[in-house]
Structure formats: C-alpha cells, structure tokens
Amino acid sequence: MSGAPPPPATPAGRMPILPYSRIVGQTELKLALELNFVSPRIGGVLIAGQRGTAKSTVVRAFALMSGGELPVTLPINATDDRVVGGWELDALMRGVAKPQPGLLEEADGKGLLYIDEVNLLDDHLVNIILDVVSTGVLSIQREGIDVSRQLSFGLVGTMNPEEGSLRAQLLDRFGLMVAASELDLDERRRMITTVLAFEEELENEDSAWLRAAQEENDTLRAALLAARGRLGEVGIDEDMSGLCAEAAQRVGAVGQRGDLLVAKTARALAARDGAPRVGPDHVRRVLPLALRHRRPDSAHGAALVWGPDEDDRVADLFD
C-alpha cells in the first residue's frame, strides 16, 4: 500500500456491499486483512474457502472500509500487458507510441489488488505480482519498454481448494493464509438478519442503520491507520524472536520465511492492540496465519489445516 493515507471512506450511501463492520463471523479472515493493512511488508493474504463462504464480500467490504473504494480486481484471463502495462493500442494504430499503465499501477493508486481464484491464474503472472509486492518495484523490459516504477499496494488472493491449489513456491510467497470458515448456527441466523436488514436499509434515503455502520467503519479505519503509524515503535526482543523461530521449527515450516513472517505479523498485532512490545500471546495468535501454508505437505491440501496437533506441538512454548 502506498505511504500516503488512503482517502476518506465512501459514505454509507448506496454502495450495495455489506459494511465491513457488520460482517458476521470470519474473525480470523478479518484479522489477517487488518494486520496486512497495518504492516504492508507482510506481503499479502491468501484466502481459501469453499464457494459461498463470503470470501469476495469480506475483501470488497474491507477495501471500502480501509480505502474508500472497491479493490482493483485482476481477471483470470489477464494478459501480461493488462497486468504490468504496455502500449495503448488505439495510439499505436495511429502511429503513436503511448504507454498504457497496467493493473499493478492502478492498484498502487487505489491501495489494494484483489485476485479472485488466484490458483487458476497463470503461475508466471502470479510470480510477477508477488515480486512487485515483496520488492516494491515493477520493472518492465519488453517490446520497446524499459522502465522501473516504485509501487506499493496490498494484495489479497482467494481460491477454492476444490479447484486446485497453488504450487508450494507460490504459496510460500504469500505472507499470510487463512481459511474462510463456515458459520455456526447462531452466526448463520445473525448473518441472515443482518443481510436482510442491510438490503432494506439501502432503500431508506435517511438510514440510521447505514450511518451507524459507516461510523463504525470510520472508527476502525482510524484505529488501523494509527496502528500503522506506531508500528515502527513496537519492539521485539531476542526472546520473542527466538520464540517465533522455535514455533516455526516445531510445526515443520520449510525455510526461514515463516520465522520472519511470524515476527512481522506478531508485531503488527501488537501495534493494533496498542502494545509497546511483542509478547508471547501476540506470537501464538498469529502462528496459524503465518505458518499453515509453509509446511512440507502444504501443496497437497493440508495447508488449510491448523488444529489440535499443531497447537500441541507448540503448547509448552507458551506455558
């Protein structure tokens, strides 16, 4: 995401997207999105879940809350030119070479790039996008174009595991991974009530319900911006760094990226909580987000699983 604060959020208005503050359930998913906003260097969020689990709704509602507009959405059939930029075809037909920015530059301006069904996107394009997110630099050297641009934006990808996974190398490049959860019976009831109320209130020109939801969104957005601002002041001592590393080792995380992501995410959580330093509870709470997709069997469907076995492996570290 760009260094400048996002513009003020869109008023409650008539945008037919359920306000982020009124979304029922999906606690872990919302936490991942918020921490990636607080610390963009986390490197993006991958959301896995069955169809109908509100993955896209949550992402779009978060974008409206945090940046005031819908995210830049990458279509599955996107070409290299559409993603990184190329020449404007109409101008070329007139004999004029006029560069045309791609979706990555558009995301730099709007703050968030959303890839629905990222597992169906060409691996080559996924690699390009993840490189730009991690380095902050888009380098284009093709078809007479030789430029480099500094870009910064949040990245969110969604996927349905029934339609296949990502290669382990690409899974590892996403900072965090979360499974969109099925709602329990009480949450389902509240979801129905909330969505029906929202649809009715959209027809109300002076809706107190929508105003209250917008105020809640604005309050959360201000809190997240404040957390981003104090992130650099949050300390993490050697004991906590060691805890991050040992937890990653205990669950079999491949490579060292997971160790670092646990530390970055725990620091973002501490900033969001208003804590001056990272504590054991911050580390423990982010372990599933940072490590579930970095285990040896993550490319074979086990990436979504974080349960009692994983908790047992690290339990004594937090006693």
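Visitor: Is Arg167 buried, exposed or partly exposed?
Guide: This is a predicted model, and Arg167 has a relative accessibility of 35%. Buried would need under 20% and exposed over 50%. The value lies in between, so Arg167 counts as partly exposed.

Visitor: Which residue meets the side chain of Arg167 in a salt bridge?
Guide: The N to O distance in this salt bridge is 2.7 Å. A salt bridge needs a nitrogen within 4 Å of a carboxyl oxygen. The partner of Arg167 is Asp123.

Visitor: How many residues apart in sequence are the parts that Arg167 and Asp123 tie together?
Guide: Arg167 and Asp123 form a salt bridge. Arg167 is in the loop between β8 and α7 (168-173), while Asp123 belongs to helix α6 (residues 123-135). The pair therefore ties together parts whose separation in sequence is 44 residues.

Visitor: How many salt bridges does a search of the whole structure find?
Guide: The bridge between Arg167 and Asp123 has been described. Another joins Arg285 to Asp273, with the closest N and O atoms 3.1 Å apart. For the whole structure, the search gives a total of 21.

Visitor: Which residues are linked with Asp273 and Arg285 in a network of salt bridges?
Guide: Arg285 and Asp273 form a salt bridge. Arg285 lies in helix α12 (residues 280-291) and Asp273 in helix α11 (residues 257-273), so the pair ties together parts 12 residues apart in sequence. The other residues in their network are Glu34, Arg272 and Asp281.

Visitor: Is Glu310 buried or exposed?
Guide: Glu310 forms a salt bridge with Arg295, the closest N and O atoms being 2.9 Å apart. Arg295 has a relative accessible area of 7% and is buried. For Glu310 the relative accessible area is 8%. Buried means under 20%, so Glu310 is buried.

Visitor: How many aromatic pairs does a search of the whole structure find, and what is the form of the pair of Tyr20 and Phe62?
Guide: The search finds three aromatic pairs. Tyr20 and Phe62 are 5.4 Å apart, centre to centre, with 70 degrees between the planes. Planes over 60 degrees apart count as edge-to-face, so the pair of Tyr20 and Phe62 is edge-to-face.

Visitor: Where does Phe62 lie?
Guide: Its partner Tyr20 is in the segment before α1 (27-38). The two parts tied together by the pair are 42 residues apart in sequence. Phe62 lies in helix α2 (residues 55-67).

Visitor: Which residue forms one aromatic cluster with Tyr20 and Phe62?
Guide: Tyr20 and Phe62 are both buried. The charged end of Arg228 sits over the ring of Phe37, 4.2 Å from its centre. The cluster of Tyr20 and Phe62 is completed by Phe37.

Visitor: Which residue lies over the face of Trp209?
Guide: The distance from this residue to the ring centre of Trp209 is 4.6 Å. A charge sits over a ring only within 6 Å of its centre. The residue over the face of Trp209 is Arg22.

Visitor: Which strands stand at the edges of the open sheet?
Guide: The sheet has five strands with parallel pairing, in the order β2-β5-β8-β1-β9. An edge strand here has a single partner, so one side of it is left without a neighbour in the sheet. The edge strands are β2 (72-74) and β9 (176-179).

Visitor: Which residue of β5 stands opposite Thr73?
Guide: β2 pairs with strand β5 (residues 112-115) in the parallel sense. This pairing runs over three bridges. Opposite Thr73 stands Tyr114.

Visitor: What angle does the direction of α2 make with that of β5?
Guide: Helix α2 packs on the sheet. The strands it touches are β1 (45-48), β5 and β8 (154-159). Its direction and that of β5 make an angle of about 170 degrees.

Visitor: How far apart in space are Leu103 and Leu74, C-alpha to C-alpha?
Guide: Leu103 lies in helix α5 (residues 103-110) and counts as buried at 3% relative accessibility. Its contacts beyond its neighbours within four places in sequence include Val72, Thr73 and Leu74. Leu103 and Leu74 are 29 residues apart in sequence. In space, their C-alpha to C-alpha distance is 7.3 Å.

Key. Residues numbered from 1 in each chain as written. Predicted model: local features only at pLDDT ≥ 70, side-chain atom pairs only at ≥ 80, totals over all residues. Heavy atoms only, no water. Phe/Tyr/Trp six-rings, centres within 6.5 Å; stacked < 30°, edge-to-face > 60°. Helix = DSSP H or I, 4+ residues; strand = E, 2+ residues; numbered from the N terminus. Buried < 20%, exposed > 50% of the residue type's maximum accessible area, 1.4 Å probe, protein only. Lys NZ or Arg CZ within 6 Å of the ring centre and 35° of its normal. Pairing = 2+ DSSP bridges. Contact = heavy atoms within 4.5 Å. Axes fitted to C-alpha atoms, helices over the stretch in contact; angles between N-to-C directions.
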